[in-house]
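User: Could you take a close look at the aromatic pairs in this protein for me? I would like to see how they sit within the fold as a whole.

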Amino acid sequence: MATWFLIIIYLAFISLGIPDSLLGAAWPVMHTEIGASFESAGLLSMIVSAGTILSSLFSGAIIEKFGTGKVTLISCILTAEALLGFSFSPSLLWLLILAIPLGLGGGAVDAGLNNYVAIHYKAHHMSWLHCFWGVGATMGPLIMSYFIANQNSWRQGYLQVAMIQFGLVIVLLATLPLWKRVASLKQSSESAGKAEPLSQNMVTQTETMRHTNLLRIKGVKPSLIAFLFYCGVEATVGLWGASYLVGSKNISAETAASWISLYYGGITVGRLITGFITLKMNNRVLILLGQLVALTGGLILLLPLPDIFTLIGFILIGLGLAPIYPGLLHETPERFGKENSAKLMGYQMAVAYTGTTLLPPLFGLIASYASISLFPVSALAFILFMLISSEKVNRTLKQRSL
């Protein structure tokens with residue numbers, strides 16, 4: 001039952017992924033139709049992320065009271081209704097209002113599902129979980145590109161995605177009783193397992209129990225900074241990548257949208273592959289390798305190469321980002337203790353979405369006053385900051401284990 005139940009969780013993560021990539025794909029044609037300024041996409045993204053941060057911070061208490069299943073269901077209803085509203089919005093003001101429930105719908109369910117999988121399932125399931133987020137994120141630009149190219153309508157793109165979300169709501173409603181049942185089965189299975197000697201990691205977890213202020217645990221702060229810049233670069237590439245291709249590379253809007261779908265496709269395929277690699281390689285090595293691949297993709301974008309290399313650069317960034325986020329999430333109970341995992345997961349989601357909130361609009365502001373051609377420089381800078389923070393966590397944990 002527990003394995004089959006993962007399908008429901010995977011479907012829920014598809015619902016998280018589709019809306020994340022829609023705005024960036026639609027914006028090159030969307031902002032002119034509604035009479036919004038180019039940089040307004042950053043404001044919309046900021047409001048969505050602010051709602052997500054708020055719901056993430058309170059996710060621990062909300063899930064404890066209502067359960068992961070009910071929170072996931074309610075969140076999907078919120079996002080479906082918001083996306084439906086997007087398809088009929090006559091102006092930027094309506095989009096700004098609807099961005100609030102869209103953000104609130106994503107935060108609590110994101111933190112809850114990540115903690116649920118980190119505690120009850122192994123590392124490869126976390127990678128595949130986020131692979132399904134990538135499936136959704138890849139579907140978003142493809143759906144939008146189809147309707148822009150064939151019907152010249154971004155509104156139809158949002159409408160179709162809203163219908164997909166409502167379909168998922170029906171599935172979640174039908175399977176609502178399974179959430180507590182599977183969690184109980186997992187806990188019973190773990191309790192019945194043979195006792196094992198305490199490893200160094202378990203000793204470390206025991207030490208963290210003495211901390212009432214989670215931010216004082218060694219390694220937590222640089223870990224949060226790594227989440228900040230990971231989501232910053234992922235969201236910046238997704239939101240402004242198409243505009244960079246149109247404005248700096250003179251590529252058509254529909255082609256740019258399809259190329260960004262390949263960026264998300266790189267994340268998706270990378271996480272599918274990573275799920276198998278985790279069976280032989282630990283998370284920390286995979287995180288470092290992913291960061292180096294993403295750096296390579298950013299450098300390719302920076303160089304004056306033919307357009308095909310630009311596409312390769314986007315795909316490499318996607319492939320490189322693939323193992324980082326699920327790897328960092330799955331390491332949370334291992335690094336900082338299961339007893340701290342739920343709250344820290346909420347903190348990590350909040351900081352991650354802070355990166356999503358602040359860094360893309362920051363680049364949009366820079367681009368509006370300078371040039372969209374600075375996009376590769378910003379992407380590279382965010383990747384470097386993430387790499388430095390992540391490696392600082394590893395050094396801190398290594399010193400703590402000595």
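Analyst:
**A close look at the aromatic pairs**

Happy to help! Let's begin with one tryptophan: Trp128 has a relative accessible area of 17%, which is under the 20% cut-off, so Trp128 counts as buried. Its ring partner has another setting: Phe276 has a relative accessibility of 51%, and because exposed means over 50%, Phe276 is classed as exposed. Please keep in mind that this is a predicted model.

The structure contains 14 aromatic pairs. In one of them, the ring centres of Trp128 and Phe276 are 5.1 Å apart and the planes meet at 65 degrees, so this pair is edge-to-face. The two residues come from distant parts of the chain: Trp128 belongs to helix α6 (residues 123-151) and Phe276 to helix α11 (residues 253-277), with their positions 148 residues apart.

Now for a second pair. Trp240 and Phe363 are also edge-to-face, with 6.3 Å from centre to centre and 65 degrees between the planes. Trp240 sits in helix α10 (residues 220-249) and Phe363 in helix α15 (residues 338-369), so their contact ties together parts of the chain 123 residues apart in sequence. As for burial, Trp240 has 0% relative accessibility and counts as buried. Phe363, at 1% relative accessibility, is buried too. This pair also belongs to a wider group: Trp240, Tyr244, Phe314, Phe363 and Phe375 make up one aromatic cluster.

Let's step back to the whole protein. Its secondary structure consists of 16 helices and 0 strands. The radius of gyration is 20 Å, close to the 21 Å from the globule rule for 402 residues, so the protein is as compact as a globular protein of that length. Along the principal axes, the C-alpha trace spans about 60 × 45 × 35 Å.

The pairs described above join residues far apart in sequence, and the contacts can be viewed in that light. Of the contacts with a separation of 6 or more, 83% are between residues 24 or more positions apart. Buried residues account for 57% of the 402 residues, and Trp128, Trp240 and Phe363 are among them.

On the outside, the accessible surface comes to about 16900 Å², and carbon and sulfur atoms contribute 67% of that area. As for charge, the protein has 23 positive and 16 negative charges, and their mean positions lie 11 Å apart.

Methods: Residues numbered from 1 in each chain as written. Predicted model: local features only at pLDDT ≥ 70, side-chain atom pairs only at ≥ 80, totals over all residues. Heavy atoms only, no water. Helix = DSSP H or I, 4+ residues; strand = E, 2+ residues; numbered from the N terminus. Rg over C-alpha atoms; globule rule 2.2 N^0.38 Å. Buried < 20%, exposed > 50% of the residue type's maximum accessible area, 1.4 Å probe, protein only. Contact = heavy atoms within 4.5 Å. Areas by Shrake-Rupley, 256 points an atom, 1.4 Å probe, with all protein chains shown as cover. Lys, Arg positive; Asp, Glu negative; His and termini not counted. Charge placed at Lys NZ, Arg CZ, Asp CG, Glu CD. Phe/Tyr/Trp six-rings, centres within 6.5 Å; stacked < 30°, edge-to-face > 60°.
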